[in-house]
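I opened this entry to look up how two helices pack and how two chains meet. My notes follow the structure.

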Amino acid sequence: MARIDLEHIRHAYGANPKSDADYALKEVHHTFADGGAYALLGPSGCGKTTLLNIISGLLTPSHGRLLFDGEDVTELSTRERNIAQVFQFPVIYDTMTVYDNLAFPLRNRGVPEAEVDRRVRETLVLIDLADWAKRKARGLTADQKQKISLGRGLVRHDVNAILFDEPLTVIDPHMKWVLRSQLKLLHKRFGHTMVYVTHDQTEALTFADTVVVMYEGEIVQIGTPDELFSRPSHTFVGYFIGSPGMNVLPVAVDGASAKLGETTIRLPAAPAASLSGKVELGIRPEFVAVGREGMKASIRKVEDIGRLKIVRATVEGHDVAAIVPEDGEIPADPRLAFRPEGINLYASSRRVAFAGEKGARP
Amino acid sequence: MKTWNNRAWFMVLPVLLLVAFSAIIPLMTVVNYSVQDTFGNNVFFWAGTEWFEDVLTSQRFWDSMFRNLAFSAIILAIEIPLGVFIALNMPRSGWGVPVCLVLMALPLLIPWNVVGTIWQVFGRVDIGLLGYTMRQLGVDYNYVNDPFDAWVTIVVMDVWHWTSLVVLLCYAGLVSIPDAYYQAAKIDGASRWAVFRYIQLPKMNRVLLIAVLLRFMDSFMIYTEPFVVTGGGPGNTTTFLSIDLVKLAIGEFNLGEAAAMSLVYFLIILLLSWVFYTVMTNVGAEKER
């Protein structure tokens, strides 16, 4: 187990990167604390897997350094880094038994056979495959195979970190929940540093203590699931997390009020810094109230998704989504109100804090 | 309710006719010759199993058979490991891939008698590059006189001609292995040998079966190349079953014995192929359990 420091990591797949656009990873400078459970969340092609492969040593970054517990491992091979990685598609050694699959990484490292046996038996119990030990690995189901992939990491007690690259993609939905909760249990029990790559927000939010959101080769926000929800620091995080995503509306700000077209919206406070670039107001559908007060709106459609209804409305020519309870009444002449605690302000897509807010810079 | 329309059987009629004219009728002609004694003017006498007894008791037949089996064993023992080795070392990406593939495909595209002619000339001690050079280097090489040299020549020729087939098949098996397998093996600290033994070999299992079967059957019915290079000589030392068969049928015009021999030859190939296939699929099936 180790703390992982990423120091100004940049990576380009081409030989001679010229502009920022040539970089799959623009610049990542971040620390994964020892024993933390992290999720790397972002859309396909945002650089998550690149970052993961740099940590595991399958890729060497074009620039920057990688440290495990303060020791530079940038040039070390995957084997020397002592990392476990679980891939999107289960990798198993077909011709071996389940037992031999788990013993493989230990035997490769010359661990004495008695020790191998003890650890493999322990791990078989952990991943719930003790009854399958003598079976050939080839006939197993996808989730059992994925457990073997995981087991091959767990069997080495001293791994510095366990990395997951969208490990549940090929698993049936009902098994996803089971495997995810088993992972959480394992994390609690052994305290491995775990980094989990996914493009599924539910997976990220339920697995991790800290979610790292990536977008176009950069980290745009690092935070707890709650912070990502209530204070998205980039409009992308607002769109990407939540269903439906955050409403982002172009506004003109004057002190503690914002103007959306002809309509004035009251802000919780004036922004703490001066605004430059495109100024937008972000509000999640959960904080938009539909009733008889507020801005005039026309409703385009109402989607019933079970316990909730999503109202798709238009305000001043902009689309706004709102979430109302299933039995919530929608008046004939509806108006929308933004609850102040849900309002965020963005300048050039980055969040600007309000005056008096915790952590706001003047 | 399913309706059964037996008139649909007429649909397979063209295929049946085609197979009848291309395979069944010629085969039955051979069967016909094998049980009769043939004279001019289409005079036939019933001979029963006499020809078969003649073939199976003749020393000549068994000598040819032994040479065939030895030849197949030697070229399989060389071509399969060599083919796997080359396939493992071929590039996976970049400009080297098309270059290697074209180079590998070249020998396969050359007509068989041309391959024979190439090697026949190549090995000649008076004008051939190989034969002449060997002579000048002081090696006593002459495939026309020396049975051992004749064997070396046709074995090397076959290896030159057909190893690429094994290479191409294995290469196809290898490139179908996802990168994640190699990455996982790195993470598990697997050695080069372990990667081969537990990842590459199992994935090549199927194509290797096809390669072994194809090479065995092709080498067991080899005719053109040794016929062009050595003509079966010196003496009878490179006379394989097929060459022997042609000598018997066309050289000596011994139709009855030749027909019986070709049927025995056919049954042997059928039997050996079946044995190979059963053994290899059982090896695969056992792993499932």
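I looked first at a helix pair, and found that A:Tyr99, A:Leu102, A:Ala103, A:Leu106 and A:Arg107 in α3(A) meet A:Val116, A:Arg119, A:Val120, A:Thr123 and A:Leu124 in α4(A), where contact requires C-beta atoms, placed from the backbone, to lie within 7 Å. I sorted the residues of this contact into seven nonpolar, one polar and two charged (Ala, Val, Leu, Ile, Met, Phe, Trp, Tyr, Cys and Pro count as nonpolar, Asp, Glu, Lys and Arg as charged, and the others, Gly among them, as polar).

I noted that this is a predicted model, in which local features need pLDDT of at least 70 and side-chain atom pairs count only at pLDDT 80 or more, while totals for chains, interfaces and linings use all residues. Residues are numbered from 1 along each chain as its sequence is written, and chains are lettered from A and ligands numbered from 1 in the order in which they are written.

For the geometry, I read that helix α3 (residues 98-108) and helix α4 (residues 113-126) of chain A pack at about 130 degrees with axes 9 Å apart; helices here are DSSP runs of H or I with at least four residues, and strands are runs of E with at least two.

I then turned to the chains, and recorded that 22 residues of chain A are in contact with 18 residues of chain B. On the side of chain A that touches chain B, α2 (78-81), β6 (83-86) and α3 each supply at least two residues, and the residues of that side divide into 10 nonpolar, six polar and six charged.

On confidence, I noted ipTM 0.75 and pTM 0.73 for the model.

Key. Axes are lines fitted to C-alpha atoms, for helices over the stretch in contact, and angles run from 0 to 180 degrees between N-to-C directions. Two residues are in contact if their C-beta atoms, placed from the backbone, lie within 7 Å.
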